[in-house]
Amino acid sequence: MTEGIKKVLVIGSGPIIIGQAAEFDYAGTQACRALKEEGLEVVLINSNPATIMTDEDIADRVYVEPISLDYVTEVIEKERPDGLLATLGGQVGLNMAVELAKAGVLEKYNVQLLGTHLSAIQEAEDRELFKKAMNDINQPVPESDIFEDVQSAMDFADKIGYPIIVRPAYTLGGTGGGIAHDDDELFMIATRGIKLSPINQILVERSVAGWKEIEYEVMRDKADNCIIVCNMENIDPVGIHTGDSIVVAPSQTLNDLQYQMLRTASLAIIRRLKIEGGCNVQYALDPNSNQYYVIEVNPRVSRSSALASKATGYPIAKVAAKVATGLTLDQITNAVTGKTTACFEPTLDYCVVKFPRWPFEKFALADRTLGTQMKATGEVMSLDRCFEGALLKAVRSLEIGVNYLSLKKLESKSLIEIAELLQKQDDERIFVVTQALRLGISAEKIHYITGYDMWFLKKIKNIVDLEENLRRNNLTAENVQLAKRYSMPDAVIAGFTNKTEEQVRQFRERLNIRPTFKMVDTCAAEFEAATPYYYSCYATEDEVKPLGSKSVIVLGSGPIRIGQGIEFDYCSVHSAWALRHAGMNSIIVNNNPETVSTDFDTSDSLYFEPLTVEDVMAVVEKEKPVGVICQFGGQTAINLAAPLAKRGVTVLGTSVDGMDRAEDRERFDELLSKLNIPRPDGRIATSDKEAMSVSKELEFPLIVRPSYVLGGRAMEIVYTEKELERYLREAVIASPDHPILIDEYMVGREVEVDAISDGKDVFIPGIMEQVERAGVHSGDSIAVYPPQHLDDALIDQIVDYTTRITLELQVKGAVNIQFVVSRGKLYIIEVNPRSSRTVPFLSKVTHVPMVELATRIALGETLAGMGYPNGLMPPKPHVAAKAPVFSFSKIGLAEIALGPEMKSTGEVMGIGKTYSEALYKAVNGAKMKIPAGGTILVTVADRDKEEALQLARGFQELGYHVIATAGTGKYFAEQGFPVDVVKKIHEGGQNIATLIRNGKIDLVVNTLTFGKHPERDGFNLRRMAVELAVPCLTSLDTAREVLRVFANKGKGQGYHHVAALQDYDQD
Amino acid sequence: MRGCLVLENGQKFYGQLLMDEPAVGEVVFNTGMTGYEETFTDPSYAGQIITMTYPLIGNYGTLKDIQQADRPYAAGFILSELCDRPSNWQNEGTLASFIMTHRIPCLYGVDTRAITRAIRSHGVMKGVIVPEHMADADVQSLLATPLETLLVKQVTPKSVRKMGDGRFHVAVMDFGAKANILKSLVKNDCRLTVFPAYTKAEEVLAVNPDGIFLSNGPGDPQDLPEVIAEVKKLIGKKPIFGICLGHQLLGLSVGAKSRKLAFGHRGANHPVKDVKTGRVYITSQNHGYVIDEATLPSDAIVTHVNLHDNTLEGFAYPKYNFFCVQYHPEASPGPTDNLYLFEQFVSMMEGK
């Protein structure tokens, strides 16, 4: 090991955003543990509380503080680490290391950068240096140049011709990049790219779109030993970001010459860059020759390395961390076999498919086109012995409302329409491709249009042919055998053969066609493996040794998506650990390759499977566990509770009936009336006419949504009858099958409680209050613990309601309740009979191991038995704020205004002695980039003008220059506060659009209005702000708190007091 | 047609037969994910039934240029999925038609992982590929067929041939050399005189080569006493480089012992440590026998060791000016990390 290194600082990746998700919690957690295993003291900084890595037992000192130069410097000053590990915190960690080095901080405090050297990072990241490095070793890169102004980029394009690809330097997931086909497109993309790049630099290069995209995961140690962990082939050719591509591992269409050619290149590259640790190399390979280009090198662990780790069983992050401490690969044990070393190349005996999960159901009008800018929030992975099986498993793991490679909306499309859709590069392409094959469009033609390799198309054709076989021949031993080998669900087979799912199941079980489970062991069974990591397939031999009578299954939460993020993985992991502590064997079923829960170290057994009833039942039948825990895997797992119970599976914790009473609207209403607890008045309407008429019985504003939400624009707040009419006209169609729910929208403060109950006592670790008023989804609000604006009487009432509801539902485990306080009165909004998004946050700030308690209660223990009281725990003397983080810049045309539909992708926590300090840190950690001065544009709806006025005055007092659009400005002037008035976008001329584009506006405060012009105007303004990276606040509450932070800061309150979570323990 | 693999220990594995001919041979497994065609045409597999652990085989078709011999010498192939519609711009035909052209029995659609696990736990076994309904007595009598031991005879060329026109004249003892070994030598500025396996040492030395190369080949090195006798006569006369069987023959020639591995090393991912530098190389391997390191003469130098099981992967004998490796630096298939050994051989011939 490197001498003199005793204490190491690890930088995490911060909040989850598109392009940087849970994979870095997995990597960071592994890294921290690996360092501790080597006897090092580990200091961690990460602003994201919803992570396992920020648990106090993962690192010796955990700082949940903003990842910015000032805060990290302060942590270094305080902790004096000897080494810094920055290659496991994604691009954020890497950029931070570069910044620290440049600012002289590392030198000043004598901190050694471990693993990959700064020069290597710069050579891989700086395009010019990278190109030079590649030229040195004769590795071809596409013709390209770097520019800092748009005109030079345009001149270059003139020289080499279109299409041209633009990539901003040092951005995540290719943010701001794109392919330009002409001058106009290049102008737009280049302008944005230069702005978004932290060093205002873009790379412009020849496009190799349409070539095969191949990736290699490479490891190297200080002794220059190099290995390939895994290679991967994107089904979507070059042109679609690999994070948005369907990917297979290993490559399927490369012969050994091609495989070795790129392998050899990968080793040459990692050696040239002298990377010590893991790196990812991406290639474009000509499908018609052996010509290739190196597209990109990531000198760190990445999303792809997390995928490669799960695909092979080789723990890249763990090994990379050990290599960083100076160990060589042959000194590190292969954790899977326990006998061999980490210095070998895994070999697979199965096929892996990764499928991205996109957030478009949250952004109905967003641009679904896929390109060089990643849009997926998460992904699923599946393994099978054949490609068809892995693909079908991946599709049903996505939870996008389909259990098969078929979309309802495509079924009615004509041949011509489908042929046209094939041209589109969007999230539905593989469904369109399949439909095209069904309609008889030739694979050759589809290959020509989409660039999908013929191999993949022929495999999909196999599936389509099987459909026809099932339709024509009904159930036969042969076709059912094949269907199951392709992992076609019983329900889908039933659909093709006009049978019921049950009939299909009986048919195949009579023929003894049953799933078998195989092990992922890094070595294709060459060595005996010690790690129970399984996938299903329909083969002959089953390798599972069931864990026996003391096992419990924990259902995971599937892919990361908006509304169901890493928080639920945190809960699943803790539940598995709690089972272990309780002397039980834990079994996790999940399909998300990015997460800690699917690390084979987390549970006693890991099944990498889709979370559907049939797939989970196969595991249940194999393992015969005591029961299944559904309350930690978010809605994914909760939705499985009832169907599993129906098949005789014991659901541990809250009963299925209890869950149903909380989730079924009518039963929930009954429950509340019985308990005499109020909720906002509401109605159900089954027609537009009925909706209009019941609205008269209610008080506007109203919150409206379809009872059955599946994509599309779902929830909205309407303030007038006219707006309701528009909603009914444009957004939903009410019908007896699809009624809409209409509730009074209570303007007020939202409060959220997470409680633990054993059915007898109810323990409430804490109450959280939200900054944004009700109407903004709780996941998008800033939440504060403990509450700052609630009096004791109200808190007593919250405790009372929580206790009574929880006991009435007989909750055995965790429950989450959301309240609104409107005009002094407390109402219930909803009850979730499961662990919630706020559990990690609350666990961290209160030091209550909530998931462990809930798990042990599910096993039969009691609160009293574990030493926890009934009622609310007294608040801690510190304050914590959780702020949402959005990824709007990645998704073109997405509406950014906050509303009842959740839009944030991640969260950060600020913790401090005071409310202001916590909030300041949260706002900073969330990188809201609120400037400390400059020009602020205020343009708000009529109903918000009065409140906006006070805000505007406050900002002016702080020295901001306030400008407003006509309506807002006129109101301000009338109230004796004249401001400069600027034109709206549709008014033409020198207007807010030109001002923003020219960098004259530093902050926008804008609230949602309806009606024709203003609506489009507001939308365009918000989008423009996002595209040009100008902060835009769409809730006056957020703006008010931001103002407060700056006002207090102006008064000399310093907020730079970093403290580790372990320090807060003393409180 | 349905068929099955019956192992010596009675285990049966069912699948589809490409043709109805039965096969008998030693059942081994190879863990490479690419390179099936190079593997199938590697003469060292003579007499063996090769199980491919990667389940999707035939994906990129076949390409004459990468074949390691004029035909496959293996006794049979066992595959999980046999791809009937390959895709690659270099593809010249399906793997199925290649196998059928050479009439090598092939069982596919089998749970190859189950077979691998069986071999891993019992060691390599004799096995037969037979039609599903073959009478048990017939299966048993087939299983009782003794396996051919003089495999080198099957694969070695009948006559002397010449290759290349480089600076260094290398005499190659061809025990079933893979094509890429010869190509690699030629690429390294060698001109080759390739001799059949049983050529006398005098005859080899008569061409006055700059160096001698001992190739890979099938079977147990102890079955080749006549060859060992000739190798003994070559040692010390010229710089010598040996690969695989060549390495084993050099070992036996200097008095070391060989032994059989439980299930061999066959694949493209085996780590080998260069003892001198400490560097680890990923290697392509195909061998069922090893030279026992402990039996090497004390003045021989162990140069390479397998990181998985610490078996001997290479040694040098400075006294006699030779070196040899158990693994396959010529790759084909597999990693090309070890081509430097051919350069090392050239340096040796240059007297450096």
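In which strand of chain A is E750(A) found? The answer is strand β28, residues 749-757. The views below come from a predicted model. Its scores are ipTM 0.98 and pTM 0.95.

**View 1. E750(A) and its contacts.**
This close-up centres on E750(A), in strand β28 of chain A. The residue counts as buried because 24 C-beta neighbours lie inside 10 Å, and the cut-off for buried is 20 or more. Look past the neighbours within four places in sequence. The contacts of E750(A) are then Q770(A), R773(A), A774(A), S778(A), S781(A), Q818(A) and V820(A). UniProt, in an unreviewed entry, includes E750(A) in a "binding site" feature.

**View 2. The annotated positions of chain A.**
Here the view takes in the full UniProt list for "binding site", from an unreviewed entry. It names R705(A), E744(A), E750(A), G775(A), V776(A), H777(A), S778(A), Q818(A) and E830(A). Start with R705(A), in strand β25, residues 702-706. R705(A) has 19 C-beta neighbours inside 10 Å, so it counts as partly exposed. Two of the listed residues, E750(A) and S778(A), are in contact with each other.

**View 3. Q818(A) and E830(A), a pair in contact.**
The "binding site" annotation in UniProt (unreviewed entry) covers both Q818(A) and E830(A). Q818(A) lies in strand β31, residues 813-822 of chain A. E830(A) is in strand β32, residues 825-832 of chain A. Is Q818(A) buried or exposed? With 20 C-beta neighbours inside 10 Å, Q818(A) counts as buried. E830(A) has 15 such neighbours and therefore counts as partly exposed. Set aside neighbours within four places in sequence, and Q818(A) is in contact with E750(A), E752(A), S778(A), I829(A) and E830(A).

**View 4. Two domains of chain A.**
The domain assignment divides chain A into domain 1 (7-122), domain 2 (143-207), domain 3 (681-744), domain 4 (749-876) and domain 5 (931-1030). This view shows domains 1 and 2 of chain A. Their centres, taken over C-alpha atoms, are 31 Å apart. How many residues of domain 1 of chain A are in contact with domain 2 of chain A? Six residues of domain 1 are in contact with four residues of domain 2. The domain 1 side of this meeting has two nonpolar, four polar and no charged residues.

**View 5. Where chain B touches chain A.**
In this view, 40 residues of chain B are in contact with 45 residues of chain A. Three elements of chain B give two or more residues to its side: α3 (112-122), β15 (258-274) and β16 (280-291). Which of the elements gives the largest share? It is α3(B), with five residues. By class, the chain B side divides into 16 nonpolar, 15 polar and nine charged residues.

**View 6. The annotated positions of chain B.**
For chain B, UniProt (unreviewed entry) places "binding site" at S44(B), G217(B), G219(B), L245(B), Q248(B), N286(B), G288(B) and Y289(B). These positions spread over 246 residues of sequence, yet they cluster in space, with a largest C-alpha distance of 13.2 Å. The mean pLDDT of chain B is 97, and 100% of its residues reach 70 or more.

**View 7. S44(B) and L245(B) up close.**
S44(B) sits in the loop between α1 (36-40) and β4 (48-52) of chain B. L245(B) belongs to helix α9, residues 245-253 of chain B. Why does S44(B) count as buried? The reason is its 30 C-beta neighbours inside 10 Å. L245(B) also counts as buried, because 30 C-beta neighbours lie inside 10 Å of it. Leave aside neighbours within four places in sequence for both residues. S44(B) is in contact with G176(B), N216(B), G217(B), P218(B), C244(B) and N286(B). L245(B) is in contact with F175(B), N216(B), G217(B) and P221(B).

**View 8. R167(B) in its loop.**
R167(B) is in the loop between β10 (161-163) and β11 (168-174) of chain B. It has 13 C-beta neighbours inside 10 Å, so R167(B) counts as partly exposed. P329(B) is 162 residues away from R167(B) along the chain, and 21 Å separate their C-alpha atoms.

Definitions and conventions
Residues are numbered from 1 along each chain as its sequence is written. Chains are lettered from A and ligands numbered from 1 in the order in which they are written. This is a predicted model: local features need pLDDT of at least 70, side-chain atom pairs count only at pLDDT 80 or more; totals for chains, interfaces and linings use all residues. UniProt positions are given in the numbering used here, feature names are shortened, and annotations may be inferred rather than shown by experiment. A residue is buried if 20 or more other C-beta atoms lie within 10 Å of its own, exposed if 12 or fewer, and partly exposed in between; C-beta atoms are placed from the backbone. Two residues are in contact if their C-beta atoms, placed from the backbone, lie within 7 Å. Domain bounds come from an automatic or database domain assignment. Ala, Val, Leu, Ile, Met, Phe, Trp, Tyr, Cys and Pro count as nonpolar, Asp, Glu, Lys and Arg as charged, and the others, Gly among them, as polar. pLDDT is the predictor's confidence in each residue, from 0 to 100.
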